[in-house]
Amino acid sequence: MPDRTRRGHRSRTAVTGLAAWACAGALALTGCSGGAGGGAKSAPKGAGHAAAAAPAGPVWNRHPGSVAAVGDSMTRGFDACSVLADCPEVSWATGTDRAVRSLAARLLGPSAVTAHSWNHAVSGARIAQLPEQMAQAARERPELVTVMIGANDACRGSVASMTPVEDFRFSFDLSLRQLRAAVPKAQVYVSSVPDLWRLWSTGRRSPLGKQVWKLGICKSMLADADDMGAAATARRAAVRARVVEYNTVLREVCAEDELCRYDGDAVFHYPFTGAQLSPWDWFHPGRDGQARLAEIAYRNVTAPAPPA
């Protein structure tokens, strides 16, 4: 996955405001008291007066009227239509291609996609660029924001250069806080990072794909694709483990926001086949792969409850 972005040094100071807000919200919902013993206060005396019910949390809108997408090349449709080029019209999130039937097309109807959806994803983007993308998306005041990012943080020149998990958490948390400050009622759908090990295992069956990989696509996972020695196997395992850690961060941070839904690792576990990968690089989703991503997203966004 090409990396055409760079980011300077940023602060790694822990963010505690959101946690405090979440704790305060939990106290409000449960009616907890800070008094001795932690018990609930007795209801005021007086005939005919029922105790006030705890306020309900926000209700998830299963059919939002506008969609903004942020993320990386998978949301830009990179290599899905032609070699080394974005193809946003087939994007799983906001594309207009009728064969893909993007999430926006399914939610809004094909005729409304152009006017009511926006794609701010950037090929090569890493999590450090997400706050900037989220700020751009917030200016559209969308009812739903889709997030798919993290593959480029694991797809580095070496295992040592992968984005540290604490930095990944900082940037994702900051992105959600920025959105909340600008558009408090916007919903967020977060896709898991795909299983890069599965993409290697599938794509390595293509001699053409392996030749393309030698150009430098996701070296940490795809370099020396046929090397099954101990060092290469350990390297791929380390990349896969980091992706799992990234998905844990996405799940945990999303769970702190009542208007955020994580996909329950659906994309990570999806068994992509060669027919669903780009015929040019055997790594990015092709048209069929983009359609599968759209199906997963639509199912989760419109479900009565979030994935378990």
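Reader: Which residue in β4 does Val147 stand opposite?

Author: Val147 stands opposite Val190. Bear in mind that this is a predicted model.

Reader: What makes β3 and β4 a pair?

Author: Two strands pair if DSSP finds at least two bridges between them. β3 (residues 144-148) and β4 (residues 187-190) have 4 bridges, in the parallel sense, so they pass that mark. On the β1 side, strand β1 (residues 67-71) is joined to β3 over 5 bridges, again parallel, with Thr146 as the bridge partner of Ala69.

Reader: Why are β2 and β5 called edge strands?

Author: The open sheet has 5 strands, ordered β2-β1-β3-β4-β5, with parallel pairing. β2 (117-119) and β5 (260-262) each pair on one side only, and that one-sided pairing is what earns them the name. For β2 the partner is β1, over 3 bridges, where Val67 has Ser117 as its bridge partner. From one strand to the next, the twist averages 15°.

Reader: Why is β3 described as largely enclosed?

Author: Buried means under 20% relative accessible area. In β3, 5 of the 5 residues are buried, so the rest of the structure largely encloses this strand. Leu144, Thr146 and Met148 point one way, Val145 and Val147 the other, and all are buried. That fits the usual habit: side chains in a regular strand alternate between the two faces of the sheet.

Reader: Why are α8 and α11 called oblique?

Author: Helix α8 (residues 196-203) and helix α11 (residues 230-255) pack at about 135°, their axes 8 Å apart. Roughly perpendicular covers 65 to 115 degrees and roughly antiparallel starts over 145. An angle of about 135° falls in neither range, so the two helices are oblique to each other.

Reader: Which residues make that contact?

Author: Leu196, Trp197 and Trp200 from α8 meet Arg236, Val239, Arg240 and Val243 from α11. By class, that is 5 nonpolar, no polar and 2 charged residues. Over on the sheet, α11 lies across β4 and β5, at about 150° to β5.

Reader: How do you know that there is a second core apart from the largest one?

Author: Core members are buried nonpolar residues joined through side-chain atoms within 4.5 Å. The largest core has 70 residues, and Trp92, Val147, Phe172, Val190, Leu196 and Phe283 touch the most other members. Its largest share, 7 residues, comes from α11. A separate set of 5 residues includes Ala80, Cys87, Val90 and Ala291, so it counts as a core of its own.

Notes. Residues numbered from 1 in each chain as written. Predicted model: local features only at pLDDT ≥ 70, side-chain atom pairs only at ≥ 80, totals over all residues. Heavy atoms only, no water. Axes fitted to C-alpha atoms, helices over the stretch in contact; angles between N-to-C directions. Parallel < 35°, antiparallel > 145°, perpendicular 65-115°, else oblique. Contact = heavy atoms within 4.5 Å. Nonpolar A, V, L, I, M, F, W, Y, C, P; charged D, E, K, R; others polar. Buried < 20%, exposed > 50% of the residue type's maximum accessible area, 1.4 Å probe, protein only.
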